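Q: Could we go through this model together? I would like to ask about a few places in turn.

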2 protein chains.
Amino acid sequence: MSLSDRKRRILKAVIDEYIENAEPVGSRVIASRSRLDVSPATIRNEMSELEELGYLEQPHVSAGRIPSTAGYRLYVNELMQDYALSDHEAEAINAALRTQMRELERTVREFGSFVSRLTNYTTYTLMPSPSSERVMKFDVLIIDERYAIVVIVTSSGLLKNKRIRLATSATEEEIRQVVRILNTHFTNRTLDEISLSLIKRASAEAGNLAYLVTAVADFAGEVLDDSGDGDIYLDGISRMLNHPEYRDPEKARELLNYLSDKREILRHTKEHFSDDNVAGQIRFSIGTENSDEPLKDAGIVYGTYDLGKNLQGVIGIVGPTRMDYAKVAANLNYFINGFNKLIRDSFFTDI
Amino acid sequence: MSLSDRKRRILKAVIDEYIENAEPVGSRVIASRSRLDVSPATIRNEMSELEELGYLEQPHVSAGRIPSTAGYRLYVNELMQDYALSDHEAEAINAALRTQMRELERTVREFGSFVSRLTNYTTYTLMPSPSSERVMKFDVLIIDERYAIVVIVTSSGLLKNKRIRLATSATEEEIRQVVRILNTHFTNRTLDEISLSLIKRASAEAGNLAYLVTAVADFAGEVLDDSGDGDIYLDGISRMLNHPEYRDPEKARELLNYLSDKREILRHTKEHFSDDNVAGQIRFSIGTENSDEPLKDAGIVYGTYDLGKNLQGVIGIVGPTRMDYAKVAANLNYFINGFNKLIRDSFFTDI
DNA sequence: TTTTAGCACTCTCGGCTTCCGAGTGCTAAT
DNA sequence: ATTAGCACTCGGAAGCCGAGAGTGCTAAAA
């Protein structure tokens with residue numbers, strides 16, 4: 001049976017109120033603030049029923065009610081109103097987008113930073129995990145007679161480089177030859193497709209510079225492999241402390257330590273996305289829905305952004321369970337749409 | 001007049017004790033723990049004199065003494081013993097060094113991360129500010145008929161890249177020509193030396209690809225200029241909360257907010273290094289010596305590392321005023337020596 | 001003259017009690 | 001079905017007290 005309209009309105013009022021003030025909300029406040037013309041007593045009855053249904057909780061008998069995880073869940077799924085971005089917020093996001101992917105990573109990170117500042121929550125950005133990543137292009141720059149820099153451009157547009165020591169000094173022409181060999185043999189292949197025999201064949205062509213081909217191939221393997229982890233950037237960790245729920249230093253420390261450990265976040269995020277319910281772009285994970293202890297009274301809003309075929313990155317925004325889901329979701333959504341569009345009509349779409 | 005030997009020993013004992021336990025230390029503890037065979041009463045007399053001299057302070061009349069900023073200053077300048085790195089610590093640092101500058105930045109950051117874990121303080125690493133930075137090498141990689149990536153290698157070994165939209169599709173040969181022009185005109189010059197007339201002259205040579213030369217030159221300017229800010233990486237912010245002085249969430253929040261603002265750190269560090277007393281590599285800045293309010297009861301240990309001629313980066317380690325200066329200094333020193341050596345005999349020394 | 005023992009004094013901290021107010025649930029009236 | 005009224009509960013703030021730690025001072029001892 002679904003909730004009566006009045007119950008829904010009351011529940012929403014409680015949650016909105018609680019999100020704003022972080023304090024248990026009582027029947028009187030709801031009665032006066034929401035404009036259902038009923039007395040506190042009626043609200044009380046309704047609330048006690050909402051409690052029985054599991055949407056509200058009471059910290060102790062004579063405090064107001066606070067939403068339960070189920071309450072929040074209902075809220076994000078059905079109750080909450082679209083939050084209208086303020087001009088200021090939209091402008092900030094546009095600014096992040098306007099940096100125009102001078103470096104892709106930076107754009108995403110910058111957005112994370114903006115949202116963190118705008119919403120006062122901690123954000124993390126997770127670069128796409130490119131297991132299906134390919135090398136698009138090789139190049140070798142000679143620095144001096146002893147060193148060269150290898151440059152690799154991947155299909156997601158990342159650019160990686162490594163310094164390599166030259167065993168024998170090589171001429172421009174020789175290097176160009178090596179680059180040609182690399183580009184013909186190794187581009188457009190995933191890690192799995194770069195076999196040992198392929199490397200052998202390629203380096204055979206390179207004569208006395210074979211070692212260079214091998215070195216570069218190794219490096220390519222490294223890049224394709226380890227960037228599989230995807231870098232994680234955190235922003236606004238300290239903002240966590242602005243919220244009253246983290247007055248208790250123990251609580252704060254526990255959560256911050258957890259968030260600082262990138263492996264934890266990575267694991268958590270992957271876990272969350274392993275469920276195949278790939279509904280919309282924005283997802284929520286609330287309070288006790290999180291299996292990790294330190295997140296049990298936190299909320300996370302996730303958004304995914306595309307970076308080409310099969311490449312998705314994740315942005316997560318972490319706050320107390322009581323965080324302003326509507327606002328965060330609106331911001332995230334706005335950015336992601338802009339970003340995806342940007343990518344779609346300007347990047348390597350044909351890959 | 002300089003302090004009597006006994007006073008010095010007592011002061012040192014007080015500071016060592018306080019560094020370890022974070023609690024005001026009383027006469028009895030000193031009497032029993034340090035092996036000056038005197039009674040607590042004598043210690044009391046000495047301590048009250050040390051207080052008059054400004055080296056110790058009393059939080060309230062019936063607590064023990066804690067060191068003042070002046071006390072710490074004397075401690076780091078004269079009193080503290082060399083801390084001997086444990087095998088574990090040395091090994092961790094070696095590991096950071098062994099990552100072999102796959103990317104320079106990463107090595108430094110990794111060290112920051114290690115030290116943070118080892119010492120439980122927050123660290124920040126500041127990349128060199130390369131106002132005297134030059135471009136070593138240009139390259140342009142064609143991605144497809146619409147896009148190319150410009151790669152710039154700077155004299156400090158940083159590699160920057162930018163995607164550029166091609167107005168007209170260009171042949172390999174044309175691009176090679178552009179690269180040649182770029183390399184002859186713009187390499188080995190600092191930002192100041194890249195004049196407008198130089199750009200004009202260079203682009204004239206490029207015919208219908210002049211726009212490309214201009215775009216790349218602009219980008220080069222951007223890189224040389226804005227990397228002047230130097231990136232900052234923080235590590236172990238949350239570890240701050242492990243120290244009892246930050247039990248008070250207000251205090252913690254203030255400091256963490258300050259630390260999260262990279263501009264603040266940058267400004268502070270620059271300020272600190274503007275004094276021309278370039279004594280050793282390791283420097284301290286203690287408590288009220290810091291002009292910034294949030295740092296007034298924190299301590300910072302700075303170390304500088306070289307990255308070639310005229311290029312210095314800074315590593316800072318931030319903790320409570322009571323931090324273990326000896327240990328931190330030892331770690332920092334060990335790393336910096338190793339790192340500098342690594343750079344000296346393997347990098348672009350001849351620049 | 002320096003060191004030490006003794007003692008009164010001060011101040012913080014933890015625990016305890018008390019009190020107040022907010023908010024509830026129940027009952028009876030509308 | 002709603003509301004007014006009322007007794008009840010509980011957490012938090014304020015106040016109080018005693019214990020403990022550490023001091024400074026004085027007077028005796030070395």
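The conversation below takes up the DNA surface, one glycine and a pair of asparagines.

Q: Before we begin, what are the ground rules here?
A: This is a predicted model, in which local features need pLDDT of at least 70 and side-chain atom pairs count only at pLDDT 80 or more, while totals for chains, interfaces and linings use all residues. Residues are numbered from 1 along each chain as its sequence is written, chains are lettered from A and ligands numbered from 1 in the order in which they are written, and side-chain values use heavy atoms, with hydrogens and water left out.

Q: Which residues come nearest to DNA strand D?
A: They are A:Thr42, A:Val61, B:Ser27, B:Ser62 and B:Arg65, out of 21 residues around the strand; a residue is near if one of its heavy atoms lies within 4 Å. Of the atoms of DNA strand D that come within 4 Å of the protein, 78% belong to sugar and phosphate.

Q: And which atom of DNA strand D does the side chain of B:Ser27 approach?
A: An N or O atom of that side chain is 2.7 Å from a phosphate oxygen of DNA strand D, a polar contact (a pair of N or O atoms within 3.5 Å).

Q: What about the bases?
A: The side chain of A:Arg44 has an N or O atom 3.5 Å from a base oxygen of DNA strand D. For B:Arg44, a polar side-chain atom lies 3.3 Å from a base nitrogen.

Q: Which element gives the largest share of that surface?
A: Helix 3 of chain A does, with 4 residues; helices are DSSP runs of H or I of at least four residues and strands are runs of E of at least two, numbered from the N terminus.

Q: Changing topic, is B:Gly287 buried or exposed?
A: B:Gly287 is buried, because its relative accessible area is 0%; buried means under 20%, exposed over 50% and partly exposed in between, with a 1.4 Å probe and protein chains only.

Q: Where is B:Gly287, and what does it touch?
A: The residue is in the loop between strand 8 (282–286) and strand 9 (298–306) of chain B. Leaving aside residues up to four places away in sequence, B:Gly287 touches B:Thr69, B:Leu295, B:Lys296, B:Ala298 and B:Thr321, where contact means heavy atoms within 4.5 Å.

Q: Lastly, what is the phi of A:Asn120?
A: Phi is positive there, about 70°, although A:Asn120 is not a glycine. Most residues other than glycine have a negative phi. A:Asn120 sits in the loop between helix 6 (104–119) and strand 3 (122–126) of chain A, and B:Asn120 likewise has a positive phi, near 70°.

Conventions: Polar contact = N/O pair within 3.5 Å; in protein donor to acceptor, adjacent residues only side chain to side chain.
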